[in-house]
Amino acid sequence: MLKRRCSARRKHFRHATYRVLTKHPDLGETTVRHRYSEFRSLRKSLLEACPGVLLPLIPEKKILANSSMLLHDADFLARRAAELAEFLSPVTSHQLCMASAELSNFLRWPQPLVLLVQAPPPPPPSPLCPA
């Protein structure tokens with residue numbers, strides 16, 4: 001079971017980055033930071049790499065006359081981080097998305113975790129043979 005969490009940080013007051021923490025019980029945790037635009041790019045690349053998979057939407061981009069005001073709005077950043085976490089949760093729970101290079105590159109997973117999530121599941125036991 002993987003656990004994900006997003007939180008926001010202002011950087012140089014030009015853009016916010018969102019921290020993504022991925023925990024795995026056997027392989028530990030990884031942390032990466034991404035801008036909102038990188039989440040949009042991830043969704044776009046997953047739509048191409050995983051045809052037929054219904055991906056959740058990401059929050060709309062907010063456009064204001066003075067967009068730097070949003071970088072000072074802690075409530076906005078917390079809401080956006082929660083919405084991005086809601087996007088990542090089902091994505092990282094879907095087997096096809098989990099096996100994609102796009103997601104593993106986005107999360108910068110170490111090779112053991114990539115191999116673990118890309119391994120095919122074991123076949124179900126045959127109903128004719130006792131387990």
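**View A. Tyrosine 18 and phenylalanine 39, both buried in this predicted model.** Buried here means under 20% relative accessible area, with exposed being over 50% and partly exposed in between (1.4 Å probe, protein chains only). Phenylalanine 39 gets that label because its relative accessibility is 0%. The model holds two aromatic pairs, where rings of Phe, Tyr and Trp (its six-membered ring) pair if their centres lie within 6.5 Å, and planes under 30 degrees apart count as stacked, over 60 as edge-to-face and the rest as tilted. The ring centres of tyrosine 18 and phenylalanine 39 sit 6.3 Å apart with the planes at 85°, so this one is edge-to-face. It ties together distant parts of the chain, 21 residues apart: tyrosine 18 belongs to strand β2 (residues 15-24) and phenylalanine 39 to helix α1 (residues 36-49). Helices (H or I, at least four residues) and strands (E, at least two) are DSSP runs, numbered from the N terminus.

**View B. Phenylalanine 39 again, now with phenylalanine 106.** Centres 5.1 Å apart and planes at 70° make this pair edge-to-face. Phenylalanine 106 comes from helix α4 (residues 101-107), 67 residues away from phenylalanine 39 in α1. Phenylalanine 106 counts as buried because its relative accessibility is 6%. Put the ring pairs together and Tyr18, Phe39 and Phe106 form a cluster.

**View C. Serine 104 in helix α4.** This serine 104 is buried, at 8% relative accessible area. Its side chain reaches the backbone oxygen of alanine 101 at 3.2 Å.

**View D. Helix α2 (residues 74-91) and its two sides.** For 18 residues at 1.5 Å a residue you'd expect 26 Å (the expected span is 1.5 Å times one less than the number of residues), and the end C-alpha atoms are indeed 26 Å apart. Phe76, Leu77, Arg80, Ala81, Leu84, Phe87, Leu88 and Val91 are the buried ones in α2. They cover an arc of only 130° around the axis (taken from the directions from the helix axis to the C-beta atoms), so they sit on the same side of α2. Asp75 and Glu86, on the other side, are exposed.

**Notes.** Residues are numbered from 1 along each chain as its sequence is written, and side-chain values use heavy atoms, with hydrogens and water left out. As this is a predicted model, local features need pLDDT of at least 70 and side-chain atom pairs count only at pLDDT 80 or more, while totals for chains, interfaces and linings use all residues.

Methods:
A polar contact is a pair of N or O atoms within 3.5 Å; within protein, one must be able to donate a hydrogen and the other to accept it, and residues adjacent in sequence count only if both atoms are side-chain atoms.
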